[in-house]
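Colleague: I would like to learn how to read a model of this kind, feature by feature. Could you take me through it?

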Amino acid sequence: MKILKQFDPLTITFDPEVRESCARHSHNHFEIVYINKGTGQHFFNDNAQEYRTGDLFLISPGDQHFFEIGAITAFTYIKFNEAYFESKTHLAPAHYYFTPEAIMKLSMLKEIKIEIEHPQSVVLKSIIDSILAYDRVKDVAHSVVVFYLLLGIFGIVREAMQAKQVVATIDDRSNGQVLSYLHENIYRREKLTIKAVAAHFHISVKYFSNYFKRNFDTAYQEYLDNYRIKLIEKRMAIGGIKLKQIAQEFGFTDVSHLSKVFKKLTGLTPTDYKKLLRKKVTSAS
């Protein structure tokens, strides 16, 4: 069996005939374990889960686990460290946000078994077979194809979570990640409805609203409005940008809509704010 050295970003191991149970252990790396064949039990932290052919387990640094073999089992181990995905963000799709590491750290996936059903189970087996085939002839750590195949595995996990209506608590992510998502999509109103954000994080609308108020001491919509206004103020400070263009950029229906919201939050109309900016510049000079 290959051992993941500290400098190895990714290693693939196929163990075709495991007959004896292993001892309880933990890792300093991430590990995807796929059951190619066999049955038994997987003891994962404080939980025991039966395993069978086609099952998938996600192990994070610090997790403790071991397999108790029932029928002879074939395992595929995909081991990687944080440097692997971090070094390939330039290859990721534009909407790539929920990182594989974040999915693997979800506490809920330590407590329940990932149920992957048809046709995702067929696709998952095909992905695993493809990764093993690549590993026989390619340097998988630097393969673009393998990178996308691994993203495919995490896509299947997310679909399995959605299909079973599994609710992940947002506390499994950092506040910074939530704000990053909001800031990245500030020009796309359809991405920032409470319903859309809650769906993105696989949580309920009510939970998200309560979470945001509790962690940021402000209501969700109030935060978005204030953040937009700060950006709009910066646009107007630059000069040379028409209000119509700014209104379109931030998804307002027209200049009148922008002016109404701007005055409500700042006490000034955009025109008055521009006059105030010019006055400050004149005074400074």
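Modeller: We shall go from confidence to burial, then to rings and helix packing.

Modeller: This is a predicted model, in which local features need pLDDT of at least 70 and side-chain atom pairs count only at pLDDT 80 or more, while totals for chains, interfaces and linings use all residues. Residues are numbered from 1 along each chain as its sequence is written, and side-chain values use heavy atoms, with hydrogens and water left out.

Colleague: What average pLDDT does the protein chain have, and which residues stay under 50?

Modeller: The pLDDT, which is the predictor's confidence in each residue on a scale from 0 to 100, averages 86 over the protein chain, and 89% of the residues score at least 70. Residues 1-6 stay under 50, and for them the model has 15 contacts beyond four places in sequence, a contact being heavy atoms within 4.5 Å. Where pLDDT is low, the predicted coordinates should not be read in detail.

Colleague: How many helices and strands are there, and what share of the residues is buried?

Modeller: Helices (H or I, at least four residues) and strands (E, at least two) are DSSP runs numbered from the N terminus, and the protein chain has 11 helices and 6 strands. Buried means under 20% relative accessible area, exposed over 50% and partly exposed in between, with a 1.4 Å probe and protein chains only; of the 285 residues, 42% count as buried.

Colleague: Where is Ile-32 found, and which residues is it in contact with?

Modeller: Ile-32 is found in strand β3 (residues 30-44), and it counts as buried because its relative accessible area is 1%. Beyond its neighbours within four places in sequence, its contacts include Leu-56, Leu-58, Tyr-77, Met-104 and Phe-154. Met-104 is 72 residues from Ile-32 in sequence, yet their C-alpha atoms are 8.8 Å apart in space.

Modeller: Val-157, in helix α4 (residues 144-163), is buried with a relative accessible area of 0%. Leaving out residues up to four places away, Val-157 touches Leu-56, Leu-58, Ile-103 and Leu-109.

Colleague: How many aromatic pairs does the structure hold, and why is the pair of Tyr-84 and Phe-85 called edge-to-face?

Modeller: Rings of Phe, Tyr and Trp (its six-membered ring) pair if their centres lie within 6.5 Å, and planes under 30 degrees apart count as stacked, over 60 as edge-to-face and the rest as tilted. The structure holds 22 such pairs. The centres of Tyr-84 and Phe-85 are 4.9 Å apart and their planes stand at 85°, so this pair is edge-to-face, and both residues are buried. Phe-208 and Phe-212 make a tilted pair, at 5.9 Å between centres and 50° between planes; they are about one helical turn apart because they lie 4 residues from each other in helix α7 (residues 205-216).

Colleague: At what angle do helix α8 and helix α10 pack, and which residues meet there?

Modeller: Axes are lines fitted to C-alpha atoms, for helices over the stretch in contact, and angles run from 0 to 180 degrees between N-to-C directions. Helix α8 (residues 220-238) and helix α10 (residues 255-266) pack at about 105°, their axes 11 Å apart. This makes α8 roughly perpendicular to α10, since angles of 65 to 115 degrees count as roughly perpendicular, under 35 as roughly parallel, over 145 as roughly antiparallel and the rest as oblique. Among the residues that meet are Ile-229, Ile-232 and Met-236 in α8, and Leu-258, Val-261 and Phe-262 in α10.
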